[in-house]
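These notebook entries record what I looked up in a single model. The sequence and the coordinates come first, and my entries follow.

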Amino acid sequence: MVSKTYEWWTSLRQLGDNMQNYLTTMEASQKLGVNPRTVQQWCKIQKIPGVVKMGRIYLINENELFKWMKEQEQRPNKIWLTPKYQKV
């Protein structure tokens, strides 16, 4: 059985120097205009691409997030761009 510490360090090594390209759920939620808990749930069900889980923390690849956001903007049923979440 692989320990969680080993999995965490393996994930960290895979990210390497690209750590600055990853956002926390809090940072991603601010860019999306939704609650951080919503972003956590989306990460858990793998709705957002480019997510790496390190322990209890989700890190989201910024480029993948923006690509996903553009795809969502083009869909007729926008997941997160409802009037409640739109910024003025």
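Does Lys 44 count as buried or exposed? I looked up the accessibility of Lys 44 and found 65%, so this residue counts as exposed, the cut-off being over 50%. I note at the outset that the model is a predicted one.

**Entry 1: surroundings of Lys 44**

I located Lys 44 in helix H3. I then checked its separation from Tyr 58: the two are 14 residues apart in sequence, and their C-alpha atoms lie 8.6 Å apart in space.

**Entry 2: helices H2 and H3**

I next examined how H3 is placed against H2. Helix H2 covers residues 25-32 and helix H3 covers residues 36-44; their axes come within 8 Å and cross at roughly 110°. H2 is therefore roughly perpendicular to H3. On the H2 side I listed Thr 25, Met 26, Ala 28, Ser 29 and Leu 32 as the contact residues, and on the H3 side Pro 36, Val 39, Gln 40, Trp 42 and Cys 43. By class, the contact holds seven nonpolar residues, three polar ones and no charged residue.

**Entry 3: two polar residues of H2**

I looked up Thr 25 and Ser 29 individually. Thr 25 is found in H2 and, at 12% relative accessibility, counts as buried. Leaving out residues up to four places away in sequence, Thr 25 touches Pro 36, Val 39, Gln 40, Cys 43, Tyr 58 and Ile 60.

Ser 29 is found in H2 as well. Its relative accessible area is 3%, so Ser 29 is buried, the limit being under 20%. With the same sequence neighbours left out, Ser 29 touches Val 34, Asn 35, Pro 36 and Val 39.

**Entry 4: Val 39 and the core**

Which residues does Val 39 touch, not counting those up to four places away in sequence? I found Thr 25, Ala 28, Ser 29, Leu 32, Val 34, Ile 48 and Ile 60. I then looked up the largest nonpolar core, which has 13 residues. Val 39 is among those with the most contacts inside this core, together with Leu 32, Ile 48, Ile 60, Leu 65 and Trp 68. At least two residues of the core come from each of H2, H3, strand S3 (57-61) and helix H4 (62-74). I recall here that nonpolar side chains tend to be buried together in soluble globular proteins.

**Entry 5: the sheet**

I turned to the strands. Three of them form an open sheet, ordered S1-S3-S2, with antiparallel pairing. Strand S1 (22-23) and S2 stand at the edges with a single partner strand each, so one side of each has no neighbour in the sheet. H4 packs on the sheet and touches S1 and S3; the direction of H4 makes about 70° with that of S3.

**Entry 6: strand S2 and its hairpin**

How many bridges join S2 to S3? I found four, and the two strands run antiparallel. Among the pairs, Lys 53 has Tyr 58 of S3 as its bridge partner, and Met 54 has Ile 57 of S3. Two residues lie between the strands of this hairpin, in which Gly 55 takes a positive phi near 70°.

Lastly, I followed the side chains along S2 (residues 51-54) and found that they alternate. Val 52 and Met 54 point to one face and are buried, whereas Val 51 and Lys 53 point to the other face and are not buried. I note the general rule alongside: in a regular strand, side chains alternate between the two faces of the sheet.

Methods:
Residues numbered from 1 in each chain as written. Predicted model: local features only at pLDDT ≥ 70, side-chain atom pairs only at ≥ 80, totals over all residues. Heavy atoms only, no water. Axes fitted to C-alpha atoms, helices over the stretch in contact; angles between N-to-C directions. Parallel < 35°, antiparallel > 145°, perpendicular 65-115°, else oblique. Contact = heavy atoms within 4.5 Å. Nonpolar A, V, L, I, M, F, W, Y, C, P; charged D, E, K, R; others polar. Core = buried A, V, L, I, M, F, W, Y, C linked by side-chain atoms within 4.5 Å. Buried < 20%, exposed > 50% of the residue type's maximum accessible area, 1.4 Å probe, protein only. Pairing = 2+ DSSP bridges.
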